[in-house]
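Me: I'm new to this structure and would like to understand the words used for it. Could you take me through the reasoning?

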Amino acid sequence: MAQEDSFLYALSSNNAWAGYKAHQNPNFFPKLASGQAPQILWLGCSDSRCPETTILGLQPGDVFVHRCIANIVSATDINTSAAIEFAVAHLRVAHVVLCGHSACGGALATVGRARLGGVLDTWLTPLRAIHAAHEEELAGIKDEGARAVRIAELNVEAGVAVLMANGVVQDAVRERGLEVHGCFFDLASGRIRDLGFGTKRGVRVAGGNGEEVRGRHAQLVFRGGNASMAVR
Ligand SMILES: [Zn+2]
């Protein structure tokens with residue numbers, strides 16, 4: 001962002017966006033204002049490069065979100081727990097998606113054994129515990145970026161295990177077939193892959209050529225490295 005004042009730029013960008021959306025679909029904002037019925041709860045990293053609605057090719061209203069540093073899911077974190085409870089028990093989302101990503105600062109700090117100071121080291125403690133539990137495997141990965149990817153994947157696996165042990169989630173899985181997914185976003189390609197954890201182990205969400213991701217409002221089709229979107 002080359003603007004002198006990035007906040008003023010963001011405000012003017014919002015103004016242009018709101019005008020464009022309203023012009024494109026006059027019902028868009030009145031519909032948004034009337035309430036939300038998202039089908040997906042997204043638990044992801046706070047990283048600026050992982051804006052869930054954008055990378056999913058979806059729209060405001062499609063995804064209920066909780067993001068935190070390194071997408072750590074801790075059973076005793078009331079913030080995460082409240083988001084899960086509201087989305088699952090009240091909004092009755094159909095899917096809970098926990099998504100890690102490549103080049104995650106929290107993962108890189110952990111594999112690099114960096115001390116960040118303050119509350120950050122406390123927050124990243126679960127990642128250091130995962131690092132200690134998988135020390136041998138991680139030590140065998142020489143490239144630091146690849147090592148960070150691996151610990152971020154293990155962190156998603158651990159987070160999905162916490163989600164699957166959450167009482168609100170367990171009730172919804174049993175009573176109405178809520179699905180829990182562990183995914184990974186590759187910054188270098190923009191693709192999200194399903195790591196196969198959660199309620200449907202081994203099911204791939206998206207990634208290669210010719211695969212489709214179905215949203216509520218639009219359908220993204222990937223072919224030959226290009227994506228096109230058709231609004232249904
Ligand atoms: Zn991150």
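Me: What makes the pairing of the threonine 80 and aspartate 77 side chains a polar contact?
Reply: In this predicted model, those two side chains are joined at 2.6 Å. The cut-off for a polar contact is 3.5 Å between N or O atoms, so the pair qualifies.

Me: Where is threonine 80, and which residues farther along the sequence is it in contact with?
Reply: Threonine 80 belongs to helix α4, residues 78–90. Setting aside neighbours within four places in sequence, it is in contact with His66, Ile72 and Val73.

Me: Why is threonine 80 called buried?
Reply: Its relative accessibility is 2%. Buried means under 20%, so threonine 80 fits the word.

Me: How do you know that cysteine 50 has no disulfide bond?
Reply: The closest cysteine sulfur, in cysteine 45, is 5.7 Å from the sulfur of cysteine 50. A disulfide needs the two sulfurs within 2.5 Å, so this pair is too far for a bond. The structure holds zero disulfides.

Me: Are cysteine 50 and cysteine 104 buried or exposed?
Reply: Cysteine 50 has 5% relative accessibility and cysteine 104 has 4%. Buried means under 20%, so both words come out as buried.

Me: Why is leucine 116 called partly exposed?
Reply: Leucine 116 sits in the loop between α5 (105–111) and α6 (118–123). Its relative accessibility is 44%. That lies between the 20% and 50% cut-offs, so partly exposed is the right term.

Me: Which residues make up the nonpolar surface patch with leucine 116?
Reply: Ile69, Val119 and Leu120 join Leu116 in that patch, which covers about 340 Å².

Notes
Residues numbered from 1 in each chain as written. Predicted model: local features only at pLDDT ≥ 70, side-chain atom pairs only at ≥ 80, totals over all residues. Heavy atoms only, no water. Patch = residues over 30% accessible without salt bridge, like charges linked within 9 Å, V, L, I, M, F, W, Y side chains within 5 Å. Areas by Shrake-Rupley, 256 points an atom, 1.4 Å probe, with all protein chains shown as cover. Salt bridge = Lys/Arg side-chain N within 4 Å of Asp/Glu carboxyl O. Helix = DSSP H or I, 4+ residues; strand = E, 2+ residues; numbered from the N terminus. Buried < 20%, exposed > 50% of the residue type's maximum accessible area, 1.4 Å probe, protein only. Polar contact = N/O pair within 3.5 Å; in protein donor to acceptor, adjacent residues only side chain to side chain. Contact = heavy atoms within 4.5 Å.
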